[in-house]
Amino acid sequence: MDLASPSTESSAASDIRLLVLDVDGTIAGKSNTISERVKQAIFAVQARGIQVAIATGRMYRSALRFHQEICSDLPLIAYQGAWIQDPVTQHLHSHLPVSEHTALKLLDYFEQPELRQLLSVHFYIDDQLYVREVTEETKLYAQRSGITPIAVGDLRLFCHHKPTKVLALCDDKSVIEQLLGNLRRQYTPAELYLTTSVATFFEATHPLANKGLGVRYLAEELLGLQRANVMSVGDNFNDAEMLEYAGIGIAMGNAPAGVQRLAQWVAPDVEEDGVAVAIENFYFFKKVGCWCWLLVVVVGC
């Protein structure tokens with residue numbers, strides 16, 4: 001969909017009580033920060049009584065600064081929904097790791113001679129990043145994530161800890177596409193959740209760990225809401241389930257075409273403050289004979 005006026009969605013927007021936002025490519029672009037315009041739009045929504053949550057593929061500890069920056073008081077959905085924790089109470093609501101057997105099988109696949117030198121493999125255990133070795137791809141990932149990777153050589157020695165997520169990185173997007181296709185033929189959705197958060201990241205989590213189920217748990221189990229009360233915004237295939245679950249699902253302008261087709265509305269690019277535009281359109285316009293502007297500015301938490 002294009003950036004048409006959201007007048008047909010305005011009545012549905014009045015039902016929204018929970019706004020769920022992805023991080024990378026959605027509220028954080030190349031700068032790895034949230035722009036002031038996006039922050040002010042989020043604060044304005046919160047001032048109207050709408051709660052705001054983060055749902056990300058990032059590690060919990062890596063996503064925490066974004067959660068704090070938007071002054072959310074809800075549990076943080078991390079690792080595609082495999083880890084849901086309340087930063088205030090530290091209560092871990094849910095942790096769904098990959099089984100030891102499956103982690104070993106994935107590692108065997110990644111270490112085939114034709115793949116071993118192409119992939120940087122990451123295991124996430126107890127909210128720490130374990131790698132075979134620190135590659136250039138890992139260095140770039142660690143810099144953006146603010147995480148120090150732990151090089152251990154043989155990752156097999158750590159599979160018994162049951163990783164929360166398994167990630168394989170490669171600069172060659174075609175390698176990741178082939179990897180995703182091959183492993184989707186080997187594993188059913190009931191066995192493993194496979195996705196990409198960016199074109200160079202292959203990600204595997206527990207079959208019940210995806211953002212759609214994570215947002216459903218937050219909305220229905222913890223907040224007593226229905227899907228009609230939820231609006232979600234994301235930019236990639238790991239956001240697909242939460243875009244489909246939400247009463248209003250919004251894709252970013254920088255999202256792949258396949259993701260945009262799942263959404264009811266497409267916001268501008270992350271570098272154009274697309275989340276702020278979406279919030280302004282859905283929450284700050286009210287039709288009373290004509291379109292009128294309502295501005296609410298909140299500074300600080």
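## A starting point: A257

A257 is partly exposed, with a relative accessible area of 48%. That falls short of the exposed class, because exposed means over 50%. You'll find A257 in helix α10, which covers residues 257-260. Pick V88 as a partner and the two C-alpha atoms sit 37 Å apart in space, with the two positions 169 residues apart in sequence.

Keep in mind while you browse that this is a predicted model.

## The chain as a whole

Let's zoom out. The chain carries 11 helices and 16 strands. Its radius of gyration is 19 Å, close to the 19 Å that the globule rule gives for 301 residues, so the chain is as compact as a globular protein of that length. Laid along its principal axes, the C-alpha trace spans about 65 × 40 × 35 Å.

How much of the chain is buried? Of its 301 residues, 54% count as buried. On the outside, the chain exposes about 13100 Å², and carbon and sulfur atoms supply 52% of that area. As for who touches whom, take the contacts with a separation of 6 or more: residues 24 or more positions apart account for 59% of them.

## The largest pocket

Rolling a probe the size of a water molecule over the atoms shows where empty space is left. In this model, the largest pocket holds about 640 Å³ of space. Its lining has 30 residues, and the closest to the pocket centre are D24, G25, R144, V198 and F201.

Which element gives the largest share of that lining? It's α6, with 4 residues. Both α6 (136-145) and β11 (201-205) supply at least two lining residues each. By class, the lining breaks down into 13 charged, 10 polar and 7 nonpolar residues.

## F66 and helix α3

F66 belongs to helix α3, residues 60-69. Is F66 buried or exposed? At a relative accessible area of 0%, F66 is buried, because the cut-off for that class is under 20%. Setting aside residues up to four places away in sequence, F66 touches V23, I27, A28, N32, I34 and R58.

I54 makes a handy distance check here. The C-alpha atoms of F66 and I54 are separated by 8.0 Å, and the two residues are 12 apart along the chain.

## Helix α11 and V277

Helix α11 runs over residues 274-283 and is mostly covered, with 10 of its 10 residues buried. Among them are G274, A276, E280, N281 and Y283.

V277 also lies in α11, and its relative accessibility of 16% makes it count as buried. Which residues does V277 touch, not counting residues up to four places away in sequence? They are R37, W265, P268 and E272. L157, by contrast, is a long way off: its C-alpha atom and that of V277 are separated by 48 Å, with the residues 120 apart along the chain.

## Two positive phi angles, and S94

Most residues other than glycine have a negative phi, and most peptide bonds are trans. Two residues here are worth a look on that score. Y79 isn't a glycine, yet has a positive phi of about 50°. Y79 sits in the loop between β3 (76-78) and β4 (83-85), and at 0% relative accessibility counts as buried.

Q90 isn't a glycine either, and has a positive phi of about 70°. The place to look for Q90 is the loop between β4 and β5 (92-95). Is Q90 buried or partly exposed? With a relative accessible area of 47%, Q90 is partly exposed.

Carry on into strand β5 and you reach S94. S94 counts as buried at 17% relative accessibility. Leaving aside neighbours within four places in sequence, S94 is in contact with A82, W83 and I84.

Definitions and conventions. Residues numbered from 1 in each chain as written. Predicted model: local features only at pLDDT ≥ 70, side-chain atom pairs only at ≥ 80, totals over all residues. Heavy atoms only, no water. 1 Å grid on protein atoms, 1.4 Å probe; cavity = no way out; pocket = protein on both sides within 12 Å on 5 of 7 lines; lining within 4 Å. Points joined across faces, edges and corners; volume = space filled by probe spheres on them. Nonpolar A, V, L, I, M, F, W, Y, C, P; charged D, E, K, R; others polar. Rg over C-alpha atoms; globule rule 2.2 N^0.38 Å. Buried < 20%, exposed > 50% of the residue type's maximum accessible area, 1.4 Å probe, protein only. Contact = heavy atoms within 4.5 Å. Areas by Shrake-Rupley, 256 points an atom, 1.4 Å probe, with all protein chains shown as cover.
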